[in-house]
Amino acid sequence: MQTPVIGCIRTRSSVDHRAVEEESMSNEAKEVTGLRPRVNEAREFIEIAKDFKRPQELLREALSNSWDANASTASITIEPMSAPGNTRGRKKQLLNITIQDDGEGMNEDEIGYFFNLGDSHKPLGSIGTKGHGTKIYYKSDGIRVTTHKDGMTIEAATEMPPWESLKKGIIPTYRYKTVPNEGGIRGTTIRVSGI
Ligand SMILES: Nc1ncnc2c1ncn2[C@@H]1O[C@H](COP(=O)(O)OP(=O)(O)OP(=O)(O)O)[C@@H](O)[C@H]1O
Ligand SMILES: [Mg+2]
């Protein structure tokens, strides 16, 4: 009996033809279960960050987060990044942006949500729901956060240039340390360099 050839195309070379035949011989009926689709994490970070196209969207995301943290004041300082490398090979002038508020700040879990993608745990009625907003900061050379909550101060920072890493398919890692908040300071300061 002739072996059935699945997917054989007439115009294939004889070598290709043999490869298809060999493959088809091991093509016994099977069922594969429990397969988990994978996420290309670096690409997702890039796509979400790119969804924020206009510069004013950063201001909206930052102010929304300060509002949700019940801040009564928030300030945003925008400065041109000084040379060298202030354009990262593009025509566009890169900026250093600092966002400072007097809101409730972040604990260790919330610092995680800040850097995570799609990991929002805000109460109903908040502006933020998606866990996408801060990912606009990944279009930069560095992110640093100082925040105060529950008697602790947390200092967190990316350990590698976020945008460059993502473009290489690497999720930029971050680190943080906690120290007692002895001065009773409130709020959060976010410094984004080279955005
Ligand atoms: N200024 C801030 N003060 C306190 N927590 C903050 C601040 N900025 C960000 N966060 C924390 O970081 C998390 C991630 O922020 P992000 O803006 O990405 O998501 P979101 O606000 O929850 O949802 P959305 O994508 O709809 O804005 C927030 O859920 C919050 O816990
Ligand atoms: Mg937000």
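Why does asparagine 70 count as exposed? Asparagine 70 has 10 C-beta neighbours inside 10 Å, so it falls in the exposed class, for which the cut-off is 12 or fewer. The model is a predicted one.

**Two positive phi values**

Asparagine 70 sits in the loop between α3 and β1 (74–80). Its phi is positive, about 60 degrees, although the residue is not a glycine. Most residues other than glycine have a negative phi. Aspartate 150 is a further case: its phi is positive and near 50 degrees. Aspartate 150 lies in the loop between β3 and β4. It counts as exposed because it has 10 C-beta neighbours inside 10 Å.

| Residue | Phi | Loop | C-beta neighbours inside 10 Å |
|---|---|---|---|
| Asparagine 70 | about 60 degrees | between α3 and β1 | 10 |
| Aspartate 150 | near 50 degrees | between β3 and β4 | 10 |

**The core**

Now the buried part. The largest nonpolar core holds 23 residues. Ile111, Tyr137, Tyr138, Val145 and Val192 have the most contacts inside it. Helices and strands both contribute: α2 (41–51), α3 (56–68), α4 (108–115) and α5 (162–167), together with β2 (95–101), β3 (142–149), β4 (152–158) and β6 (187–193), each supply at least two residues of this core. The most comes from α4, which gives 3 residues. In soluble globular proteins, nonpolar side chains tend to be buried together.

Which residues does isoleucine 111 contact, leaving aside its neighbours within four places in sequence? They are Met106, Val145, Ile154, Ala156 and Tyr176. Val145 is itself among the core residues with the most contacts.

**The β4 and β5 pair**

Two of those partners face each other. Alanine 156 stands opposite tyrosine 176 in β5. Strands β4 and β5 pair in the antiparallel sense, over 7 bridges. Yet β5 (residues 174–180) is hardly covered. Of its 7 residues, the count that are buried is 0. In contrast, β4 supplies at least two residues of the largest nonpolar core.

**Around ligand 1**

How do the residues of the shell around ligand 1 divide into nonpolar, polar and charged? There are 4 nonpolar, 13 polar and 6 charged residues. The shell has 23 residues, and Asn65, Ala69, Ser120, Gly128 and Gly133 come nearest to the ligand. Both α3 and α4 supply at least two residues of this shell. The largest share, 4 residues, comes from α3. Helix α3 also supplies at least two residues of the core, and the loop that holds asparagine 70 runs between α3 and β1.

Key
Residues numbered from 1 in each chain as written. Chains lettered and ligands numbered in written order. Predicted model: local features only at pLDDT ≥ 70, side-chain atom pairs only at ≥ 80, totals over all residues. Core = buried A, V, L, I, M, F, W, Y, C linked by C-beta atoms within 7 Å. Buried ≥ 20, exposed ≤ 12 C-beta atoms within 10 Å, placed from the backbone. Contact = placed C-beta atoms within 7 Å. Near = placed C-beta within 6 Å. Nonpolar A, V, L, I, M, F, W, Y, C, P; charged D, E, K, R; others polar. Pairing = 2+ DSSP bridges.
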